[in-house]
Amino acid sequence: FLSLFEGEILASWAYTLHCATLEENKPNLTGIAKFYSVWKERVFGQLSKCTKSHLALRGDLMVCRHFFGGLEMIRGLVESDKARLDRLMPPNPNDCNYRIALMHRSKAKKPVEAQPNVVSSHSQRKTQGNGNVASFAEVVADFARHHDISFYPKVGSNATKDGKKVFMFGNHPVYFDKNVLFTLRGEAWQPISLEHLAQAC
């Protein structure tokens with residue numbers, strides 16, 4: 001299911017979104033933002049109306065990566081950052097399909113030694129009234145584990161941001177808001193992709 005969705009649907013969605021940000025005439029930012037929001041709600045569902053499919057999509061690293069890439073595209077458009085948009089260009093949908101996505105997912109699966117999942121146990125003990133936080137935290141924890149980066153809840157001072165739990169990803173403080181990852185840059189919290197955060201570690 002996840003490979004089919006990624007290879008046949010998400011690839012075309014990401015390509016369409018990216019093309020919209022590169023229109024020769026001034027891109028329609030409002031229309032692009034609405035396109036993103038509508039698809040995000042369709043894919044992840046509403047908290048009060050979640051199906052098993054929605055939950056599976058929410059917890060999938062590649063699906064979350066596509067949608068965060070979409071946010072980064074919109075950010076590049078808002079900031080007129082052509083270099084960012086060029087870096088975020090997705091592959092042509094003609095080069096993506098179910099079989100290719102399945103192959104990539106199979107290659108990405110590597111045996112990992114059993115180890116305690118700090119985020120999972122913490123989330124079981126204490127959620128914050130937001131079902132997305134625990135599931136997305138598990139996605140980030142899995143990503144960190146595969147890249148040998150430490151990931152754990154911050155304790156002591158500044159352990160929360162606007163009521164949301166702060167975690168340490170390597171030496172970078174992060175928190176989650178509606179499946180978006182934020183990190184502290186200087187004195188400001190800014191959204192960041194997992195790939196860029198891993199490169200900074």
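This report walks through a predicted model of one protein chain.

## Confidence

The chain has a mean pLDDT of 78. Of its residues, 83% reach 70 or more. One stretch falls short: over residues 111-134 the pLDDT is below 50. Beyond near neighbours in sequence, that stretch still has 27 contacts in the model. Where pLDDT is low, the predicted coordinates should not be read in detail.

## Helix α1

Helix α1 covers residues 2-21, which makes 20 residues. From its first C-alpha to its last it reaches 26 Å. That is close to the 28 Å expected at 1.5 Å a residue. The helix has a kink of about 40°, centred on Leu10.

Leu10 is also one of the buried residues of α1. Others on that list include Phe5, Trp13, Ala14 and Leu17. Polar residues appear there too, among them Ser3, Glu6, His18 and Thr21.

## Helix α4

Helix α4 runs over residues 61-78. How far apart should its ends be? At 1.5 Å a residue, its 18 residues should span 26 Å. The end C-alpha atoms are 26 Å apart, so the model agrees with the expected span. Most of α4 is covered, with 13 of its 18 residues buried.

Which residue caps the N-terminal end of α4? Asp60 does, with a side-chain oxygen 3.2 Å from the backbone nitrogen of Met62. Just after the helix, Ser80 takes a positive phi of about 50°.

## The nonpolar cores

In soluble globular proteins, nonpolar side chains tend to be buried together. Here the largest nonpolar core has 37 residues. Phe67, Phe151, Phe169, Phe176 and Leu181 touch the most other members. Helices α1, α2 (29-44), α4, α8 (131-146) and α9 (194-200) each supply at least two residues, as do strands β4 (167-169) and β5. Helix α8 gives the most, with seven residues.

Apart from this core lies another, of five residues. Its members include Phe68, Val166, Val180 and Phe182. Leu181, from the largest core, is in contact with Phe68. Leaving aside neighbours within four places in sequence, the contacts of Leu181 also include Phe136, Val174, Tyr175, Phe176, Pro191 and Leu197.

## His172 in strand β5

His172 lies in strand β5, which spans residues 172-177. Its side chain makes a polar contact with the side chain of Asn171, at 3.3 Å. Which residues does His172 contact, leaving aside its neighbours within four places in sequence? They are Phe167, Thr183, Leu197, Ala200 and Cys201. Leu197 is also in contact with Leu181.

Technical notes: Residues are numbered from 1 along each chain as its sequence is written. This is a predicted model: local features need pLDDT of at least 70, side-chain atom pairs count only at pLDDT 80 or more; totals for chains, interfaces and linings use all residues. Side-chain values use heavy atoms; hydrogens and water are left out. pLDDT is the predictor's confidence in each residue, from 0 to 100. Contact means heavy atoms within 4.5 Å. Helices (H or I, at least four residues) and strands (E, at least two) are DSSP runs, numbered from the N terminus. The expected span of a helix is 1.5 Å times one less than its number of residues. The bend at a residue is the angle between axes fitted to the seven residues ending there and the seven starting there. Buried means under 20% relative accessible area, exposed over 50%, partly exposed in between (1.4 Å probe, protein chains only). A polar contact is a pair of N or O atoms within 3.5 Å; within protein, one must be able to donate a hydrogen and the other to accept it, and residues adjacent in sequence count only if both atoms are side-chain atoms. A nonpolar core is a set of buried Ala, Val, Leu, Ile, Met, Phe, Trp, Tyr and Cys residues joined through side-chain atoms within 4.5 Å.
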